[in-house]
Amino acid sequence: MLTGSEMGVVDENAAALGVPRKQLMESSGHAVAQAVRTIADPGEQVVIVAGRGNNGGDALVAARFLDDYDLRVLLLGRPDAISTTIARENWDALQHAEYPTETVRDSSALDLCTPDIVIDAMLGTGIAGDLREPEATAAAAMNGSDATVLSVDVPSGLDAETGRLADNAVDADHVVTFHDTKPGLPDLDVPVTVADIGIPDAAELFVEQGDLTRLERDPASHKGDNGEVLVVGGGPYTGAPALTAQAALRGGADLVRVACPAVVAREIQSYSENLILRPFDGDHLAPPHVDRLADLAADHDTLVVGPGLGDHDATLEGVAELLSGFDGTAVVDADALSVVPDVETDADLVCTPHQGELLGMGGETSEDWRERADLVESFAAEIGHTMLVKGPYDIVSNGERTRVGRTGNPGMTVGGTGDVLAGVTGALACVQAPLDAAAIAAHTVGTVGDRVVEDRGYGLVATDLLEEIPSVLWQRE
Ligand SMILES: NC(=O)C1=CN([C@@H]2O[C@H](COP(=O)(O)OP(=O)(O)OC[C@H]3O[C@@H](n4cnc5c(N)ncnc54)[C@H](O)[C@@H]3O)[C@@H](O)[C@H]2O)[C@@H](O)CC1
Ligand SMILES: [K+]
């Protein structure tokens, strides 16, 4: 089952793989026509009621496969109000081919007559709120007619995000939905055909541009809404936590604080005035610091634990204590990873090991990425957390769903890129589910690395990645 917005991600990924939306619409329309053939014989009366979006577009395609029916095509609204190019092109094709089309300017002019079949193609996954006019009157006319109502994708009035059926929704007798079922369809107890429209499995497996459409910034948001990240790092190293923290800012977090040993606080602060430091005493993290860190962590949306912490026994003990008492989302990277398999916690952990660190956690890996995906998926299920295993193909899995990121290049093996990935993952985990945050972060950091290498060849350093992150995340060229 996929929601409407998840379908949007998948069809955008299909386009990124070279299967554009217009091809999907052609397959959808053909599937609708096939369904008509199973419930009505040639010569019977079919009325298409098309909306102004791609839901309508699907039925405008179907018309071309229904020449042997007594067909009428009603467009609810003016042709120039058709909201997408591909729907408009299919309308124009019907015009040029002189199909029997009518445009319904206002609902009082709507006359279904007495068709055998009505194709409800008014609204699909693009619906917002209950039906407005003229869709509402059209729905009432459909519901009041003796015709068999076949709905395209979802009955108009069904919200494909939540499965909620509007009071004035179309009462479908049969639904033809595309690629996967949608919320609310199973509860309708009418026959639902799930038509394969040629979206490759890869469009769900591989992370592509479509996944970036999950990000949207609420224009009304104010400071803090887009996430506050606490980076717990530093000790032997100071560059790592600074890279992670700056990457979290570039990944969209509003505020990023760095909790680090006091001895390195000034040095980490010196990397950027954008960082806020929360030093704890001593030169490495240890159990006595955990209470203060836990209090700090409670005031943040996401933790990123590990960069530059070192693997001092007391440090790993402190990390285990911190994670076991935390119940939010924590990205775990670098030396902190080794404690995860033995930690009992209510937190959602996102572990970002490279393959060596995965082995250190007790996981298994394989050179073959498909095998690696299966191994990582079962390891994620075993430890009950999200895994992002970096490699030529990044494997992201929460034990149920597995995604594969194919961006990045051998130039990314330079030190610090993992710290950047952990920071971007932390920022996105403030506003996305852990799996989606990790998948988008892997795709984004790899894409940034590819752009930097394209511009300057190998020899990139991790700081080169930082300022490129926003333009990739927000798909600005
Ligand atoms: N996502 C996919 O993979 C595919 C989607 N396709 C079709 O595309 C549809 C989604 O198309 P769109 O995103 O263009 O949106 P829709 O065609 O579902 O509806 C959008 C139109 O309806 C209007 N509208 C929104 N809410 C309304 C309301 N409450 N009352 C009256 N009018 C309202 C909007 O102004 C807009 O013009 C899917 O349902 C499916 O039928 C297919 O072409 C195949 C591929
Ligand atoms: K519909």
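**Potassium site and domain contact in a predicted model**

In this predicted model, the residues that donate to the potassium ion (ligand 2) follow the sequence spacing N-x64-D-x2-L-x28-V-x1-V-x1-S.

Q: What makes N55 (OD1), D120 (O), L123 (O), V152 (O), V154 (O) and S156 (OG) donors of the potassium ion (ligand 2)?
A: These atoms lie 2.6 to 3.1 Å from the potassium ion. For K, a donor is an N, O or S atom within 3.2 Å. The six atoms therefore count as donors.

Q: Why is the arrangement around the potassium ion (ligand 2) called irregular?
A: The six donor atoms subtend angles of 67 to 173 degrees. Six donors count as octahedral if opposite donors are over 155 degrees apart and all others lie between 65 and 115, and anything else is irregular. The angles formed here make the arrangement irregular.

Q: What makes up the contact between domain 1 and domain 2?
A: The chain is divided into domain 1 (4–203) and domain 2 (209–474), and their centres are 43 Å apart over C-alpha atoms. Five residues from domain 1 and seven residues from domain 2 take part in the contact. Together the domains bury about 490 Å², of which 52% is on carbon and sulfur atoms. V9, E12 and N13 lose the most area on the side of domain 1, together 67% of what that side buries.

Q: How many salt bridges and how many residue pairs in polar contact does the rule find across this interface?
A: The rule finds zero salt bridges and two residue pairs in polar contact.

Key: Residues are numbered from 1 along each chain as its sequence is written. Chains are lettered from A and ligands numbered from 1 in the order in which they are written. This is a predicted model: local features need pLDDT of at least 70, side-chain atom pairs count only at pLDDT 80 or more; totals for chains, interfaces and linings use all residues. Side-chain values use heavy atoms; hydrogens and water are left out. Domain bounds come from an automatic or database domain assignment. Contact means heavy atoms within 4.5 Å. Buried area is the accessible area (1.4 Å probe) that two parts lose on being put together, summed over both. A salt bridge is a side-chain nitrogen of Lys or Arg within 4 Å of a carboxyl oxygen of Asp or Glu. A polar contact is a pair of N or O atoms within 3.5 Å; within protein, one must be able to donate a hydrogen and the other to accept it, and residues adjacent in sequence count only if both atoms are side-chain atoms. Donors are N, O and S atoms within 2.8 Å of the metal (3.2 Å for Na, K and Ca); water is not among the atoms, so sites may look incomplete. Four donors count as tetrahedral if all angles lie between 85 and 135 degrees; four count as square planar and six as octahedral if opposite donors are over 155 degrees apart and all others between 65 and 115; anything else is irregular.
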